[in-house]
Amino acid sequence: MLPWSFEGAEEEITLKVDLKRTFTFRNSKQTYTGIPIIVANMDTVGTFEMAVVMAKHAMFTAIHKHYSLEEWKLFAANHPECLEHVAASSGSGQDDLKKLTSILEAIPAIRFICLDVANGYSEYFVEFVKSVRALFPHHTIMAGNVVTGEMVEELIISGADIIKVGIGPGSVCTTRIKTGVGYPQLSAVIECADSAHGLKGHIISDGGCNCPGDVAKAFGAGADFVMIGGMFAGHDQSAGDIIEKNGKKVKLFYGMSSDTAMKKHAGGVAEYRASEGKTVEVPYKGDVEHTILDILGGLRSTCTYVGAAKLKELSKRTTFIRVTQQYNEVFS
């Protein structure tokens, strides 16, 4: 028997769950309000088209780094309302920094920077974060990826506001296979959130979400933001053509360290390294609006199950238990 006595109460309670968060960032001193779900800065999903739909829901998009300055200007002119919900992305090379600088100088309404490297464990990357902070003292900087508390603290002290957490959990990432390096994502989020919050910093759980329940678990583990790639692949707003194959419609989705990405953007995989991503065919899913509503609906239901009136309360209402199987696969 349900603990409430009038019809429709469950739906009403779920509807009233507040998924928006307000953050004030440690180093930029900037304040942001929105639903803290981020589309990953992969060139198949971190698109301007995706950002337009996400911004309608006060959700965030890390725009991939391969758009030109002219394309950025056109987007900014046509969709100024989206600029508070996007980040301009950059690698750690000097050419990347020059391009980032030109974009931020041309479009001052962009307030977020996403510094994205596969391996955040280098002195060079720490120095790069410091230099970007010096150049843009009032921009909010996302930086990563790392998976341990010590490196989260190092990057926050060096000027980053939000640390991207995750090595190997992505659906098209093969780092753990090619290198043997990685960290279980839930454990990484729990450890890194504790370290970041102790310094008044924030973290993004980046990778490992295959369904709305995984997004809820990441927030429950202490993530301030959750970054998603694969769940947003295959939509109208995702890059790439729709391909007809065996009577079914598909779109390509690939990791940014894959052969496909490196051939597209760097002329191929360098001899001294291996590809750490794969290319997959994702079923065509239509408008991303349906996926957004599915994720948000699942997240609201999670909050009602654990007694959280706001997303902010979720991590204080959750207990994790190790299991061998969660989903009943009898009819799968």
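In the predicted model, Thr61 makes contact with Ile38, Val39, Gly46, Thr47, Met50, Ala51, Met54, His85, Val86 and Ala87, when residues up to four places away in sequence are not counted. Thr61 belongs to strand S4, and its relative accessible area of 0% places it among the buried residues, because burial is assigned under 20%. Strand S4 spans residues 60-63, and the loop that separates this strand from helix H2 (48-56) holds Ala58. The phi of Ala58 is near 60°, which is a positive value in a residue other than glycine. Most residues other than glycine have a negative phi. Ala58 is itself buried, since its relative accessibility is 10%.

Helix H2 also figures in the nonpolar interior. The largest nonpolar core comprises 96 residues, and those with the most contacts inside it are Ile37, Trp72, Leu115 and Phe232; seven residues of this core come from H2, which is the largest share. Nonpolar side chains tend to be buried together in soluble globular proteins. For Leu115, once neighbours within four places in sequence are left aside, the contacts are Ser90, Leu100, Phe125, Phe128, Val129, Val132, Ile141, Met142, Ala143 and Gly144.

Phe125 and Val129, which are among the contacts of Leu115, also take part in the packing of helix H5 against helix H6, where Phe125, Val126 and Val129 of H5 meet Met151, Glu154 and Leu155 of H6. By class, this contact of H5 with H6 consists of five nonpolar residues and one charged residue, with no polar residues. Two packed helices are described by the angle between their axes and the distance between the axes. For H5 (residues 123-135) and H6 (residues 149-157), the axes come within 9 Å and cross at roughly 30°.

Gly144, another of the residues in contact with Leu115, precedes a peptide bond of unusual geometry. Most peptide bonds are trans, whereas the bond from Gly144 to Asn145 is cis, with omega near 25°. Asn145 is part of strand S7, which covers residues 140-146.

Strands S1 (residues 21-24) and S2 run antiparallel and are joined by four bridges, and within this pairing the bridge partner of Thr22 is Thr33 in S2. Six residues lie between the two strands of the hairpin, in which Lys29 adopts a positive phi near 65°. The side chains of S2 (residues 31-34) alternate between two faces, with Tyr32 and Gly34 pointing to one face and buried, while Thr31 and Thr33 point to the other face and are not buried. Thr33, the bridge partner of Thr22, thus belongs to the face of S2 whose residues are not buried.

A further set of strands forms an open, antiparallel sheet of three strands in the order S11-S12-S13. Strand S11 (243-245) and strand S13 (279-283) occupy the edges, and because each has a single partner strand, one side of each is left without a neighbour in the sheet. From one strand to the next, the twist averages 50°. The antiparallel pairing of S12 (residues 248-254) with S13 extends over five bridges, with Val250 having Pro283 of S13 as its bridge partner. The loop between S11 and S12 contains Asn246, which has a positive phi of about 55° although it is not a glycine. Asn246 is exposed, as its relative accessibility is 76%, and in this respect it contrasts with Ala58, which is buried at 10%.

The unreviewed UniProt entry assigns the feature "active site" to Cys173 and Thr175. Cys173 is located in the loop between strand S8 (162-165) and helix H7 (175-179), whereas Thr175 lies in helix H7. With a relative accessibility of 25%, Cys173 is classed as partly exposed, while Thr175, with a relative accessible area of 11%, is buried. When residues up to four places away in sequence are not counted, Cys173 touches Gly168, Glu276 and Gly277, and Thr175 touches Ile167, Gly168, Gly180, Val181 and Glu276. Gly168 and Glu276 therefore appear in the contact lists of both annotated residues, as contact is assigned to heavy atoms within 4.5 Å.

Definitions and conventions. Residues numbered from 1 in each chain as written. Predicted model: local features only at pLDDT ≥ 70, side-chain atom pairs only at ≥ 80, totals over all residues. Heavy atoms only, no water. Pairing = 2+ DSSP bridges. Axes fitted to C-alpha atoms, helices over the stretch in contact; angles between N-to-C directions. Buried < 20%, exposed > 50% of the residue type's maximum accessible area, 1.4 Å probe, protein only. Nonpolar A, V, L, I, M, F, W, Y, C, P; charged D, E, K, R; others polar. UniProt positions renumbered as here; feature names shortened; annotations may be inferred. Core = buried A, V, L, I, M, F, W, Y, C linked by side-chain atoms within 4.5 Å.
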